[in-house]
Amino acid sequence: MELWYTEKHSENVGITMKVGKTLFSGESEFQKLEILETLEYGRMMLLDGLVMVTERDEFVYHDMIVHPALFTHPNPQKVLVIGGGDGGSIREIVKHPQVEQAILCEIDGLVIEKSIELLPSMASAIDGSNPRVKLHVDDGLAYIREHQNEFDVILVDSTDPIGPAVGLFEEDFYRLVFGALKADGIMVAQSESPFYHADIQKSMYANLRAVFPVVEMYQAFIPTYPSGFWSFAFASKKYHPVKDFDRQRAAERGFYTKYYNEDLHLGAFMLPTFAKENIAE
Ligand code: AG3
């Protein structure tokens with residue numbers, strides 16, 4: 001007997017992967033969590049049936065949610081991740097020597113616990129071994145309300161805008177993020193697929209523009225997400241991700257990044273016409 005897992009990407013299309021063992025299947029007070037062994041992509045984490053990460057392609061997402069902002073900000077010392085309980089974003093953040101504190105605020109403690117146990121290549125920096133990393137199991141909105149004017153960079157490493165993440169795509173939340181950033185702070189949030197999620201992008205980018213003076217979209221190729229064509233929103237109080245980018249600093253980074261590099265930093269902000277149209281003002 002063969003076992004295959006399908007995530008539907010629309011009513012009529014999905015991605016299907018051949019599965020070996022189920023390593024974990026359970027439910028927290030927020031969502032259903034599953035970790036499956038796939039034959040092609042290694043271990044895969046699902047939340048409410050949606051692919052969050054696989055061992056094989058997570059490097060793309062985590063490089064791209066972290067490094068463009070951390071190489072645009074001239075001195076990112078204090079960085080907050082909202083969501084991101086698998087730890088992949090924190091792993092990339094602590095590669096930056098200027099970072100003094102990397103704080104994870106994840107609503108679901110079960111995601112953190114099972115990632116440490118079953119996804120060690122992602123959770124290596126959140127397992128208690130890194131003194132620069134702090135974990136909070138808390139609602140991101142509640143946390144930033146209490147931490148205004150504190151962070152150089154805030155990354156919103158969330159799931160799709162259904163379930164516990166709905167609030168993370170709304171204007172009220174972006175106002176709180178704006179307030180939680182210092183005067184030259186940067187926020188990056190995963191912003192869904194330009195190919196399938198035009199409506200979500202339209203409202204998300206309008207909400208961001210109502211709050212931040214600099215708002216840009218950039219793209220990455222993530223094979224296991226809907227359409228494989230994924231995007232991130234770069235929202236900033238001061239720095240522009242292309243005009244203020246210090247190419248040399250990125251080129252001389254001194255640590256390995258399997259997807260990100262100084263050329264791609266610039267290329268990622270160049271968008272196809274249909275993607276520009278999704279977020280046209
Ligand atoms: N964040 C998940 C992005 C959304 C994926 N959507 C989907 N499969 N329908 C991933 C968290 C990684 N730290």
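Strands, as I use the word here, are DSSP runs of E with at least two residues, numbered from the N terminus, and valine 81 has its place in one of these, strand S6. I should say at once that what we are looking at is a predicted model, and with that in mind let me stay with this valine for a moment.

Is valine 81 buried or exposed? Its relative accessibility is 0%, and since buried means under 20%, valine 81 counts as buried. Setting aside residues up to four places away in sequence, valine 81 touches Ser89, Ile90, Ile93, Ile103, Leu104, Cys105, Leu155 and Asp157. As for its relation to tyrosine 259, the two residues are 178 apart in sequence, and their C-alpha atoms are 20 Å apart in space.

Let me move outward to the domains. The domain assignment divides the protein chain into domain 1, residues 3-54, and domain 2, residues 58-278, and the C-alpha centres of these two domains lie 23 Å apart. Across the boundary, 23 residues of domain 1 are in contact with 22 residues of domain 2.

Where does the largest pocket lie with respect to these domains? Both domain 1 and domain 2 give residues to its lining, so the largest pocket lies between them. The space in this pocket comes to about 440 Å³, and of the 34 residues that line it, the closest to the centre are Leu47, Met52, Asp157, Ser158 and Thr159. Asp157 is also one of the residues that valine 81 touches. If we sort the lining by class, we find 17 nonpolar, 9 polar and 8 charged residues. In terms of secondary structure, strand S5 (50-54), strand S6 (78-83), strand S7 (101-106) and helix H5 (140-145) each supply at least two residues, with S5 giving the most, namely 4 residues.

Next, I would like to turn to two charged residues that are buried, beginning with aspartate 152, which is found in strand S9, residues 151-157. Its relative accessible area is 5%, and aspartate 152 is therefore buried. What does its side chain meet there? It makes a polar contact of 3.5 Å with the side chain of lysine 182, and, in addition, a polar atom of the aspartate 152 side chain lies 2.9 Å from the backbone nitrogen of lysine 78. Leaving aside neighbours within four places in sequence, the residues in contact with aspartate 152 include His73, Asn75, Pro76, Leu181 and Ile186.

The second of these is arginine 91, in helix H2, residues 88-93, which at 13% relative accessibility counts as buried. The side chains of arginine 91 and glutamate 58 are joined by a polar contact of 2.9 Å. Beyond four places in sequence, arginine 91 is in contact with Glu58, His62, Ser121, Met122, Ser124 and Ala125, and for the last of these, alanine 125, the C-alpha atoms are separated by 5.2 Å although the two residues are 34 apart along the chain.

Two helices deserve a word about their packing. In helix H3, residues 109-118, the buried residues are Leu110, Val111, Ile112, Lys114, Ser115 and Leu118, and what covers them includes strand S2 (14-27), strand S3 (32-38), S4, S7, helix H4 (120-123) and strand S8 (133-137). At the start of H3, a side-chain oxygen of aspartate 108 comes to within 3.1 Å of the backbone nitrogen of leucine 110. In helix H6, residues 171-180, the buried residues are Phe173, Tyr174, Leu176, Val177, Gly179 and Ala180, and these pack against S6, H5, S9, strand S10 (181-190) and helix H7 (198-209). An α-helix has 3.6 residues a turn, so residues three or four places apart point the same way.

Finally, a remark on backbone geometry in two loops. Aspartate 48, in the loop between strand S4 (42-47) and S5, has a phi near 45 degrees, which is a positive value in a residue other than glycine; with a relative accessible area of 45%, aspartate 48 is partly exposed. Asparagine 149, in the loop between H5 and S9, likewise is not a glycine and has a positive phi of about 60 degrees, and with a relative accessible area of 54%, asparagine 149 is exposed.

Technical notes
Residues are numbered from 1 along each chain as its sequence is written. This is a predicted model: local features need pLDDT of at least 70, side-chain atom pairs count only at pLDDT 80 or more; totals for chains, interfaces and linings use all residues. Side-chain values use heavy atoms; hydrogens and water are left out. On a 1 Å grid over the protein atoms alone, a cavity is a set of points where a 1.4 Å probe fits but cannot get out, and a pocket is an open set with protein on both sides within 12 Å along at least five of seven lines; lining residues have an atom within 4 Å of a point. Grid points are joined across faces, edges and corners, and a volume is the space filled by probe spheres set on the points. Ala, Val, Leu, Ile, Met, Phe, Trp, Tyr, Cys and Pro count as nonpolar, Asp, Glu, Lys and Arg as charged, and the others, Gly among them, as polar. Domain bounds come from an automatic or database domain assignment. Buried means under 20% relative accessible area, exposed over 50%, partly exposed in between (1.4 Å probe, protein chains only). A polar contact is a pair of N or O atoms within 3.5 Å; within protein, one must be able to donate a hydrogen and the other to accept it, and residues adjacent in sequence count only if both atoms are side-chain atoms. Contact means heavy atoms within 4.5 Å.
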